[in-house]
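Visitor: Hi! I have a structure open and would like to talk it through with you. Shall we start?

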Protein chains: 2
Amino acid sequence: MARPLSFERDHVVEAATRTFLRHGLHATSAEDLCQATGLGRSSLYNSFGSKDALFAECLGAYLTRTRERGEAILGDTARPVRDRIATLLRLIASEEAERVSAGEPRGCLAVNTVAELADDAEHVESMRRVDEDTAARLHLLADVLRVGQAAGEITDQVSAEGLAAFVNASIAGLRITSQGGTASDRLEDIVATTLRALDP
Amino acid sequence: MARPLSFERDHVVEAATRTFLRHGLHATSAEDLCQATGLGRSSLYNSFGSKDALFAECLGAYLTRTRERGEAILGDTARPVRDRIATLLRLIASEEAERVSAGEPRGCLAVNTVAELADDAEHVESMRRVDEDTAARLHLLADVLRVGQAAGEITDQVSAEGLAAFVNASIAGLRITSQGGTASDRLEDIVATTLRALDP
DNA sequence: ATCATTATGGAATGTTCATTACAAAATTTT
DNA sequence: AAAATTTTGTAATGAACATTCCATAATGAT
């Protein structure tokens, strides 16, 4: 009944996400987004409403994608808990390494959003989403780690919640370290050392 | 021979640093800096040249202060290496906890600068300073950890350089986690777990 | 007390930015 | 092929921003 869009929304969100990851929300202009997505200003505003709304959509998609990936790995009850955590961390390290060769920006949109928007009164909603996502991630991690503790695969010197916070912080540290330009071998060292902390 | 400044440069840098830590470089306006420091626009530009120059000075002062504090703790050769690392991590965790009660912003200017400026062509110089600082920090950590390995206090399953990268990443993770609003008990869990990774 | 020098307050400037308005173009349905 | 509807390109708008200007005020040296 009318003219269709000349682009696929997902692809636009993906391109915008890369731009936001590279430059952050504040340093990304509407012009930058047009450049990155190939859309004109009108199309962009027509389809997404505002820069902030597009950012919110990118963040939402990123969080969902990342959460689902994590759940798939951590929820694989057939495998030992330690292996699941190891797989998750190694996946992140190798993903960061691939970003380098692909010329894509390194780092994590959730981590960068905390760094950029934690105290930004105008973007409370985005931070709330990150907080919710973090809470869910911590919950899942703690559940899995608790199973590992019961099986004797994981130390019980620290509570499952404490270990979950540690793993979560390690991931953030890994991503920031990668964004700072650290070589992939070193990222693997970090992963290996992180795993040592969980040993009984 | 002329009218003196009505403020102390260090205090202004300190106030500006808090503002930059809270909002980042891009989201901090000249007006925000005037508000935070109590200076007028003219005084600010007269004394610091530009917003970017003031940021560079804040970053430099922050890096120096942080590095010196780390060196004092890590360089205390009278103490076991493990204790020195523990002291450093606990100091960071408690500093973050104090920030909450003091109403000051949490997080780390160096970490946030990596997140915000890693791919910013206009601020290569600031990133270079952070990179240099990180390299020096890693070097010191590796030296200290190597001593700990030789003394049997620290695992030698991972190279001293790898362990240094791990400790550095842990600190970044700790600071981002704190900035995300994590309670101080959990920060202590993270520290305790991080230390476990270094045990032989 | 006066001069030389510098700081300061407030207005002004030019730019960048997010967003909107409008007219033209495109596409599906009839 | 024409009508209805929506996209899209271009130009416009108004606000925010970094920075500068200028007149005035303050201070130390003489």
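Guide: Happy to. One definition before we begin: a residue is near a strand if one of its heavy atoms lies within 4 Å of that strand. Keep in mind too that this is a predicted model.

Visitor: Okay, with that 4 Å in mind, what share of the atoms of DNA strand D within reach of the protein belong to sugar or phosphate?

Guide: For DNA strand D, sugar or phosphate holds 67% of the atoms within 4 Å of the protein, and bases hold the rest.

Visitor: Which residues come nearest to strand D?

Guide: There are 23 residues around DNA strand D, and the nearest are A:Arg3, A:Ser6, A:Ser42, B:Ala30 and B:Tyr45.

Visitor: How far is a polar side-chain atom of B:Tyr45 from a phosphate oxygen there?

Guide: That distance is 2.8 Å for B:Tyr45 and DNA strand D. From the other chain, A:Asn46 has a polar side-chain atom 3.0 Å from a phosphate oxygen of the strand.

Visitor: And which side chain has an N or O atom 3.3 Å from a base nitrogen of strand D?

Guide: That one is B:Ser42. As for elements, α3 of chain A and α3 of chain B each supply at least two residues of the surface near DNA strand D.

Visitor: How does that surface divide by class?

Guide: Near DNA strand D there are 10 nonpolar, 9 polar and 4 charged residues.

Visitor: Let's switch to strand C. Which residues come nearest there?

Guide: Out of 23 residues around DNA strand C, the nearest are A:Ala30, A:Tyr45, A:Lys51, B:Ser6 and B:Ser42. Of the strand C atoms that come within 4 Å of the protein, sugar and phosphate make up 66%.

Visitor: What are the phosphate distances for A:Tyr45 and A:Lys51?

Guide: An N or O atom in the A:Tyr45 side chain is 2.8 Å from a phosphate oxygen of DNA strand C. For A:Lys51 the corresponding distance is 2.9 Å. Chain B joins in through B:Ser43, with a polar side-chain atom 3.0 Å from a phosphate oxygen of strand C.

Visitor: Away from the DNA now: which residues of helix α2 in chain B are buried?

Guide: In α2 of chain B, residues 30-37, the buried ones are B:Leu33, B:Cys34 and B:Thr37. They sit on the same side of α2(B), because they cover an arc of only 100° around the axis.

Visitor: What do they pack against?

Guide: The buried residues of α2(B) pack against α1 (9-23), α3 (41-48) and α4 (51-74) of chain B.

Visitor: And what follows the helix?

Guide: B:Gly38 follows α2(B), and its phi is positive, near 80°.

Terms used: Residues are numbered from 1 along each chain as its sequence is written. Chains are lettered from A and ligands numbered from 1 in the order in which they are written. This is a predicted model: local features need pLDDT of at least 70, side-chain atom pairs count only at pLDDT 80 or more; totals for chains, interfaces and linings use all residues. Side-chain values use heavy atoms; hydrogens and water are left out. Buried means under 20% relative accessible area, exposed over 50%, partly exposed in between (1.4 Å probe, protein chains only). Helices (H or I, at least four residues) and strands (E, at least two) are DSSP runs, numbered from the N terminus. The arc is that of the directions from the helix axis to the C-beta atoms. Contact means heavy atoms within 4.5 Å. A polar contact is a pair of N or O atoms within 3.5 Å; within protein, one must be able to donate a hydrogen and the other to accept it, and residues adjacent in sequence count only if both atoms are side-chain atoms. Ala, Val, Leu, Ile, Met, Phe, Trp, Tyr, Cys and Pro count as nonpolar, Asp, Glu, Lys and Arg as charged, and the others, Gly among them, as polar.
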